[in-house]
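Visitor: I would like to take a close look at a single part of this model. Please go through it step by step and then place it among its surroundings.

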Amino acid sequence: MMTSADADLIRVLADPLRLRIVTLLAEETLCTTHLVEETGARQTNLSNHLRVLREAGVVETEPCGRYTYYRLRPDVIASLAGRFTDLAASARSAAENKRACP
């Protein structure tokens, strides 16, 4: 069953730039400089999106000197994917259920 927390996470991931960031972080841990180069986004815009992802628990940070590296939290993505898997299974089993109109 989808929760309001799941809905919030879906909204967070629905933004195209945030989805691009998540996709890049699925491949490797990157710092803000790398993400600016890869996405073409302005650093301030990118930092705002990273803050949203961090607050949602999707990414975690690792300070390294004057840089901050970002890493995807696969458990969060896997949990959301599991919810969608459950939703699909429910839809398959309910395909024949039809409520009569009054």
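My question concerns helix H4 (residues 43–55): what should its 13 residues span at 1.5 Å a residue, and how far apart are its end C-alpha atoms?

Guide: Bear in mind that this is a predicted model. At 1.5 Å a residue, the 13 residues of helix H4 should span 18 Å, and the end C-alpha atoms of H4 are 18 Å apart, so the expected span and the model agree. Turning from the length of the helix to its sides, Leu 46, His 49, Leu 50 and Leu 53 of H4 are buried; because these residues cover an arc of only 100° around the axis, they lie on the same side of H4. The face turned away from that buried side carries Thr 44 and Glu 55, which are exposed.

As for the surroundings, the buried residues of H4 pack against three helices, namely H1 (4–14), H2 (16–27) and H3 (32–39), and also against strands S2 and S3. Those two strands belong to an open sheet of three strands, ordered S1-S3-S2, in which the pairing is antiparallel. Strand S1 (30–31) and strand S2 (59–64) are the edge strands, each pairing on one side only, while S3 (residues 67–72) runs antiparallel to S1 and is joined to S1 by two bridges. Within this part of the sheet, Leu 30 stands opposite Tyr 70 in S3.

Returning to the helix itself, Gly 57 follows just after H4 and takes a positive phi of about 80°.

Methods
Residues numbered from 1 in each chain as written. Predicted model: local features only at pLDDT ≥ 70, side-chain atom pairs only at ≥ 80, totals over all residues. Heavy atoms only, no water. Pairing = 2+ DSSP bridges. Helix = DSSP H or I, 4+ residues; strand = E, 2+ residues; numbered from the N terminus. Expected span 1.5 Å × (residues − 1). Buried < 20%, exposed > 50% of the residue type's maximum accessible area, 1.4 Å probe, protein only. Arc of directions from axis to C-beta. Contact = heavy atoms within 4.5 Å.
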